[in-house]
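Visitor: I'd like a close look at one part of this model, the sheet. Could you walk me through how it is put together and then show me what sits around it?

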Amino acid sequence: MTEEEARLEAFFAEAAPWETELRHLRAILRAGPVTETLKWKQPCYTAHGGNVAILWGMKGRFGLSFFKGVLLSDPEGILVAPGENSRSSRMVVLTDLAQVAPLADVLQRYLAEAVALEADGRRVTFAKDDLDLPEELTEALAQDPALATAFDALTPGRRRGYILHFGQAKQADTRRARIARWAPRILAGKGMQDR
């Protein structure tokens, strides 16, 4: 057993309360033309040099996400956006082991479509970001050139995450506090979800 295989097995052994459910999803995915690896401490399935799907378990639910799920045809209508600001990924949300087996063929078809999209080099095209910078962020960037340079150097997705997080605060003081709290990570070139 390789080190990667051992880490994957450790993930599934510690995946309570969803160990059995995630192992069933794993078997469905591994039957497809994908490579299993561990990314972001989760089982991730890749093909043609790109991330295709990832397994996850949360309190009260488990499932899998397709990285470019917005491009999938979804004839069964089972894919949902992870959140209101999600632009690319789509997920299948399950709450019980009994839901997995009836979806096996559907999930294999969706996986095959996702792999084909990756083989074709398809990309999700994002509309020009229409988010306005919160006034407090504009002020902070104007006052700190290093922060402005670091913020501009972030990927569009990382910038978007920060803009959404800062802008969702209702009060100016809270927005300023959030900016101050996250400034060291911005200066380090990291997004909110990066380690």
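Guide: Let's start with the sheet itself: it is open, has 5 strands in the order 1-2-3-4-5, and its pairing is antiparallel. Strand 1 (35-39) and strand 5 (90-94) are at the edges with a single partner strand each, so one side of each has no neighbour in the sheet. On average, neighbouring strands are turned by 25 degrees against each other, direction ignored. A quick word on terms: two strands pair if DSSP finds at least two bridges between them. Helices (H or I, at least four residues) and strands (E, at least two) are DSSP runs, numbered from the N terminus. Axes are lines fitted to C-alpha atoms, for helices over the stretch in contact, and angles run from 0 to 180 degrees between N-to-C directions.

Before going further, this is a predicted model, in which local features need pLDDT of at least 70 and side-chain atom pairs count only at pLDDT 80 or more, while totals for chains, interfaces and linings use all residues. Residues are numbered from 1 along each chain as its sequence is written, and side-chain values use heavy atoms, with hydrogens and water left out.

At one edge, strand 1 and strand 2 pair in the antiparallel sense over 5 bridges, and Leu38 has Pro43 of strand 2 as its bridge partner. Their hairpin has 2 residues between the strands, and Trp40 takes a positive phi near 55 degrees there. Over at the other edge, strand 4 and strand 5 also pair in the antiparallel sense over 5 bridges, with Val92 in strand 5 as the bridge partner of Leu64.

Now for the helices on the sheet, where contact means heavy atoms within 4.5 Å. Helix 2 (residues 19-30) packs on the sheet and touches strand 1, strand 2, strand 3, strand 4 and strand 5, with its direction at about 20 degrees to that of strand 4. Helix 1 (residues 3-13) lies across strand 1, strand 2 (42-47) and strand 3, and runs at about 70 degrees to strand 1.

Strands 3 and 4 also take us to the largest pocket, which holds about 1,800 Å³ of space. Of its 40 lining residues, the closest to the centre are Ser89, Gly157, Arg158, Gly161 and Gln193. The elements that give two or more residues to the lining are strand 3 (50-58), strand 4 (61-66), helix 5 (145-153) and helix 6 (156-167), and helix 6 gives the largest share, 9 residues. Here a pocket is an open set of points on a 1 Å grid over the protein atoms alone, where a 1.4 Å probe fits, with protein on both sides within 12 Å along at least five of seven lines; lining residues have an atom within 4 Å of a point. The volume is the space filled by probe spheres set on the points, which are joined across faces, edges and corners.

Helix 5 also has a helix partner: its axis and that of helix 4 (residues 135-143) come within 5 Å and cross at roughly 115 degrees. The contact is made by Leu137, Ala140, Leu141 and Gln143 of helix 4 and Pro145, Leu147, Ala148 and Phe151 of helix 5. Phe151 is buried, with a relative accessible area of 3%, where buried means under 20% (1.4 Å probe, protein chains only). Among the residues Phe151 touches, not counting those up to four places away in sequence, are Leu133, Tyr162 and Ile186.

Notes
Buried < 20%, exposed > 50% of the residue type's maximum accessible area, 1.4 Å probe, protein only.
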